[in-house]
Amino acid sequence: MHAPKPKWLNDAVFYNIYPQSFYDSNGDGIGDLKGIAAKLDYVQEMGYTAIWLNPIFVSPFRDAGYDITDFYKVAPRYGTNEDFAALAAEAKKRGIKVVLDLVAGHTSLECEWFQQSAKPEKNQYTNRYVWSNSVWDTDGNALISGYSDRDGCYMKNFFYCQPALNYGFKVITRPWQLPMDHPDCLAMREELLNVMRFWSALGADGFRVDLASSLVKNDPDGEGIIELWNDVIGRYKVEYPDNVLIAEWCHPKRAIRAGFDIDFLIHSGLKAYTTLFRYERGTSVNDEFNSGDSYFRRAGKGGLTEFLNEYLEHYNATKADGYISIPTGNHDIPRLSLLRDTEELKAAMVFLLTMPGVPLVYYGDEIGMRYVEGLSSKEGGFNRTGSRTPMQWENGKNHGFSTSDTPYLPTDPAEAAPTVAAQRNDPHSLLSLTKTLIALRKAHPALMADSAFDVVHTDYPFVYKRTAADETVVVAVNPSDATQTVEIPTPGEVLLQSGVTVENGTATFDAVSYIVYKI
Ligand code: GLC
Ligand code: CA
């Protein structure tokens with residue numbers, strides 16, 4: 001049985017803040033928690049109801065903090081645990097929830113648990129990570145050999161510096177693979193729950209779980225991992241029923257069944273996201289942006305069939321218990337603005353903020369921040385670094401991000417780099433549209449997460465109905481450059497429109513246009 005979804009999710013709009021790049025309060029060149037607190041006015045002014053922070057914990061930052069050394073402590077560069085509690089309290093006063101990143105699958109090599117685990121002498125951490133029982137058993141080169149004097153190889157979860165925590169194996173094929181109910185694997189589960197309780201007591205309103213499906217090994221149909229999360233989330237929700245659990249799984253049917261409230265549709269796993277925004281994910285960023293075939297492009301060469309097939313299958317199977325979130329972007333993929341102009345971004349934003357489920361705006365996407373090309377890799381970012389540059393608040397030094405002469409990453413060097421200051425008072429800016437859409441979503445039950453979704457017309461334009469108890473809203477978006485003429489339900493009150501004229505039930509859509517109206 002799935003715990004009831006928290007009610008506040010129905011009109012929630014998340015804002016994803018990459019802590020190192022948001023606002024630097026003390027001039028050391030790196031964003032921090034006090035900096036985020038200082039910008040809560042902005043978060044509130046935009047209408048966001050929740051923020052998700054990428055990892056803020058002690059780390060050597062070889063994967064931007066997704067390599068944690070101490071799960072119970074804020075990284076000094078971001079502040080202290082007290083600073084986190086203060087930020088959460090300050091946010092709460094404004095009705096803003098604060099969600100943390102839970103990196104459940106692995107730690108940093110420098111984590112004390114791993115250092116103990118790597119010792120040849122048996123100790124309480126010996127089985128905390130997945131190790132083979134001989135340095136020569138690399139499981140077909142899947143494991144890392146020769147790290148320490150422990151005779152065995154460790155399993156990595158992502159980069160080599162992120163050893164996999166041991167929650168057990170569903171299917172056991174080698175003697176060193178422990179079953180999920182091994183006491184040491186169960187002890188790891190308890191530790192995970194403790195981490196969740198610890199931050200919740202300090203004010204966290206839930207977690208986004210990193211690589212949520214990765215915890216149980218040799219688990220082809222996901223039954224092991226679903227069982228694990230049902231147990232962990234089930235027990236957590238007894239204590240914190242109003243808190244949210246968001247999966248980075250990209251398989252809503254499994255994630256919601258596992259007890260999560262929300263799962264992201266992103267670049268990994270299902271194809272749905274990439275057919276809308278990036279047609280194929282290749283091995284480098286270049287492969288991704290060379291294709292012009294995604295749906296939300298002026299070129300108009302994309303289609304909705306692949307997206308809708310997958311989306312509707314997962315949406316219909318999960319809508320009773322949870323939500324799908326299609327984010328504007330994240331710290332792992334090129335910015336939405338890559339190869340899109342402001343008008344194309346507006347069309348995408350209209351779609352993203354009027355779909356069912358819970359929308360999420362990646363910091364800076366509301367002003368169309370660019371994917372900054374040509375940067376050297378920072379803290380394990382590699383081609384992701386260009387999507388992680390500091391927030392551009394205003395013109396001037398570091399775009400108002402920091403007073404430092406050596407910010408940890410430069411801001412966008414482009415002359416026309418977008419800023420909050422320039423867009424805030426411009427009614428035609430992407431920021432203003434984003435703000436308007438968030439306000440519409442909160443004012444109209446039909447546009448909220450739970451309300452029904454019915455497709456009216458596919459391909460160009462995309463027309464769909466959103467329906468609540470006593471309100472129906474139609475959304476129609478033409479991201480393509482070609483004029484389109486289609487029949488649409490007769491408009492009542494128009495809530496938002498650009499480039500669409502309606503006469504006798506027939507609508508003419510100019511290039512890159514949209515309309516949102518009640519019927
Ligand atoms: C997730 C994070 C990514 C990180 C990886 C390993 O995909 O979003 O940034 O590198 O997990 O933790
Ligand atoms: Ca700082």
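**View 1. Ligand 1 lies between two domains.** Both domain 1 (7-105 + 183-446) and domain 2 (106-166) give residues to the shell around ligand 1, so the ligand lies between them. Keep in mind that this is a predicted model. The domain assignment also gives a domain 3, covering 452-518.

**View 2. Here's how domain 1 and domain 2 meet.** On the domain 1 side, 24 residues are in contact with 20 residues of domain 2. Step back to the C-alpha centres of domain 1 and domain 2, and you'll find them 30 Å apart.

**View 3. Now for the shell around ligand 1.** Count the residues that surround ligand 1 and you get 13. The closest are Asp63, Asp210, Glu248, His331 and Asp332. Sort the shell by residue type and it splits into seven charged, three polar and three nonpolar.

**View 4. Three side chains reach oxygen atoms of ligand 1.** Start with Asp210, one of the closest residues to ligand 1: a polar atom of the Asp210 side chain lies 2.8 Å from a ligand oxygen. Glu248 is also listed among the closest, and a polar atom of its side chain lies 2.8 Å from an oxygen atom of ligand 1. Then there's Arg208, with a polar side-chain atom 3.1 Å from an oxygen atom of the ligand. As for cover, ligand 1 taken alone exposes 300 Å², and the protein buries 97% of that.

**View 5. Finally, the pocket that holds ligand 1.** Where does ligand 1 sit? You'll find ligand 1 in the largest pocket.

Technical notes
Residues numbered from 1 in each chain as written. Chains lettered and ligands numbered in written order. Predicted model: local features only at pLDDT ≥ 70, side-chain atom pairs only at ≥ 80, totals over all residues. Heavy atoms only, no water. Near = heavy atom within 4 Å. Polar contact = N/O pair within 3.5 Å; in protein donor to acceptor, adjacent residues only side chain to side chain. Areas by Shrake-Rupley, 256 points an atom, 1.4 Å probe, with all protein chains shown as cover. 1 Å grid on protein atoms, 1.4 Å probe; cavity = no way out; pocket = protein on both sides within 12 Å on 5 of 7 lines; lining within 4 Å. Sits in = over half its atoms within 2 Å of the grid points. Nonpolar A, V, L, I, M, F, W, Y, C, P; charged D, E, K, R; others polar. Domains from an automatic or database assignment. Contact = heavy atoms within 4.5 Å.
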